[in-house]
Amino acid sequence: EEVSRVDDLARRVSDGGRDAEEIYRLAREAGVDYVFVGARGGPIDPAALTASPRFRTRYAAGGAWVFEVIR
């Protein structure tokens with residue numbers, strides 16, 4: 001059941017990763033406090049999260065990012 005829940009969240013993030021509002025909604029729904037974007041990239045656009053007032057950049061180096069979800 002947990003694997004299914006994580007797979008579903010990953011699919012939804014992949015579908016909406018360019019939209020900061022969608023990532024915010026998914027993070028809140030899942031109880032996530034931080035969003036990690038690795039140096040290799042992925043579906044989440046760090047520029048969109050940086051521009052959003054719903055996220056605070058906590059770490060950015062070497063192409064990796066950590067964003068705090070603002071409650």
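User: What does Gly-31 do just after H2?

Analyst: Just after H2, Gly-31 takes a positive phi of about 75 degrees. Helices here are DSSP runs (H or I, at least four residues), strands are E runs of at least two, and both are numbered from the N terminus. A word on the source: this is a predicted model, where local features need pLDDT of at least 70, side-chain atom pairs count only at pLDDT 80 or more, and totals for chains, interfaces and linings use all residues. Residues are numbered from 1 along each chain as its sequence is written, and side-chain values use heavy atoms, with hydrogens and water left out.

User: Which residues of helix H2 are buried?

Analyst: First the general idea: an α-helix has 3.6 residues a turn, so residues three or four places apart point the same way. Buried means under 20% relative accessible area, exposed over 50%, and partly exposed in between (1.4 Å probe, protein chains only). In H2, which spans residues 20-30, the buried ones are Ala-20, Ile-23, Tyr-24, Leu-26 and Ala-27. They cover an arc of only 165 degrees around the axis (taken from the directions from the helix axis to the C-beta atoms), so they sit on the same side of H2.

User: What do the buried residues of H2 pack against?

Analyst: Their partners are helices H1 (2-16) and H3 (46-51), plus strands S1 (34-37), S2 (55-61) and S3 (64-69).

User: Which elements give two or more residues to the largest nonpolar core?

Analyst: Such a core is a set of buried Ala, Val, Leu, Ile, Met, Phe, Trp, Tyr and Cys residues joined through side-chain atoms within 4.5 Å. The largest one has 14 residues, and Ile-23, Val-35 and Phe-67 are among those with the most contacts inside it. H2, S1, H3 and S3 each give two or more residues to this core, and H2 gives the most, with five.

User: How many bridges join S2 to S3?

Analyst: Two strands pair if DSSP finds at least two bridges between them. Here six bridges join S2 to S3, and the strands run antiparallel. For instance, Ala-60 has Trp-65 in S3 as its bridge partner. Two residues lie between the strands of this hairpin, where Gly-62 takes a positive phi near 60 degrees.

User: Is Glu-68 buried or exposed?

Analyst: Glu-68, in strand S3, is buried, with a relative accessible area of 17%. Contact means heavy atoms within 4.5 Å. Leaving aside neighbours within four places in sequence, Glu-68 has contacts including Tyr-34 and Arg-58. Tyr-34, in strand S1, is partly exposed at 49%.
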